[in-house]
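Work through the exercises below with the sequence and the model at hand. Each task is followed by a solution in steps.

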Amino acid sequence: MANNKRKRVRLTTPTGVASYPYLTKPDTQFNSDGDFKVDLVLDKEEHADFLARIDELAEKAFDKAVKQLKKEKKMAQAKQLEKHIPYEDIYDEETGEPTGQVKVKFKSKAKFKRKDGSVAHVEVALFDAQGKAINPKNISIYGGSIIKVNFTPNEFHATGLKLAGISLRLNAVQIIELVSDGGNAGSFGFDKVDDGYSFDDDSAVTEEGEEEEGELEGTDF
């Protein structure tokens, strides 16, 4: 019997700068159930290969939606459909000119309802620069932290919004350099001793759930 279960593809970003991170506690401003999210600031030229991959996935999802609408003889909707790419240019506040950087948007729900009606609570898996798991209860992550993001690209077609493309579901974050409540170590005059951020706590998470792997598992830009 053929296995029609859809495989989940997981990709990993290049190293970038975290902006407005909600990684240890969900943001409930627009969703009472809460969303974990972060914007990752990347350089367009330096990270062109990664952004080209995102463009490719968004284009594929958009073309699929247009093809389906045409198949259903919904020509007007197909013509009005716009492509959604989950990143945007950053502009200088004074000049209004593009800075050459983009912010890539990642988000995941803090909880969801299972088929049996029960509610599952979700956390973002966190790791330090050495790959050691971190308990989210024992850390605060502020904007300016240097991170990598593991994510799953999800195709979508929002008829009402006239959009089709991809969103990026947040799976895990690796912290390369941490900025927490009081600022980073440099703001207190501390020099960097070891390469990258190393978190050491006996209560750190040591296990992660199993997940079916896609053919691009572990892809790293």
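The model is predicted: local features need pLDDT of at least 70, side-chain atom pairs count only at pLDDT 80 or more, and totals for chains, interfaces and linings use all residues. Residues are numbered from 1 along each chain as its sequence is written, and side-chain values use heavy atoms, with hydrogens and water left out.

**Exercise 1. Describe the protein chain as a whole.**

Step 1. Count the elements, taken as DSSP runs numbered from the N terminus (helices: H or I, at least four residues; strands: E, at least two). The protein chain has 2 helices and 13 strands.

Step 2. Find the buried share, where buried means under 20% relative accessible area, exposed over 50% and partly exposed in between (1.4 Å probe, protein chains only). Of 221 residues, 34% count as buried.

Step 3. Take the accessible surface by the Shrake-Rupley method with a 1.4 Å probe. The total is about 14,400 Å², and carbon and sulfur atoms hold 47% of it.

Step 4. Sort the contacts (heavy atoms within 4.5 Å) by separation. Among those with a separation of 6 or more, 69% are between residues 24 or more positions apart.

**Exercise 2. Identify the strands that pair with S12 and give the direction of each.**

Step 1. Apply the rule that two strands pair if DSSP finds at least two bridges between them.

Step 2. Strand S11 (residues 146–158) is joined to S12 by 13 bridges and runs antiparallel to it. Pro153 has Leu168 as its bridge partner in S12. The hairpin of S11 and S12 has 4 residues between the strands, and Lys162 there takes a positive phi near 60°.

Step 3. Strand S4 (residues 82–84) runs parallel to S12 (residues 163–177), with 3 bridges. Here Glu82 is opposite Leu163.

Step 4. Strand S9 (residues 125–127) is also parallel to S12, again with 3 bridges. Leu126 is paired with Val173.

**Exercise 3. Check the length of helix H1 and list its buried residues.**

Step 1. The expected span is 1.5 Å times one less than the number of residues. For the 24 residues of H1 this gives 34 Å, and the end C-alpha atoms are 34 Å apart, so the two agree.

Step 2. The buried residues of H1 are Phe50, Leu51, Ile54, Leu57, Ala58, Ala61, Phe62, Ala65, Val66 and Leu69. An α-helix has 3.6 residues a turn, so residues three or four places apart point the same way.

Step 3. After H1 comes Lys73, with a positive phi near 65°.

**Exercise 4. Which ring pairs link Phe50, Phe106 and Phe151 into a cluster?**

Step 1. Rings of Phe, Tyr and Trp (its six-membered ring) pair if their centres lie within 6.5 Å; planes under 30 degrees apart are stacked, over 60 edge-to-face and the rest tilted. The count is 2 aromatic pairs.

Step 2. Phe50 and Phe151 have ring centres 6.1 Å apart and planes at 90°, so this pair is edge-to-face. Phe50 lies in helix H1 (residues 48–71) and Phe151 in strand S11, 101 residues apart.

Step 3. Both Phe50 and Phe151 are buried. Ring pairs join these two and Phe106 into the cluster.

**Exercise 5. Locate the largest nonpolar core.**

Step 1. A nonpolar core is a set of buried Ala, Val, Leu, Ile, Met, Phe, Trp, Tyr and Cys residues joined through side-chain atoms within 4.5 Å. The largest has 34 residues, of which Phe106, Val149, Leu170 and Val173 touch the most other members.

Step 2. Elements giving two or more residues to this core include H1, S11 and S12. H1 gives the most, with 6 residues.

Step 3. Another core, of 7 residues, lies apart and includes Phe62, Ala65, Val66 and Leu69.
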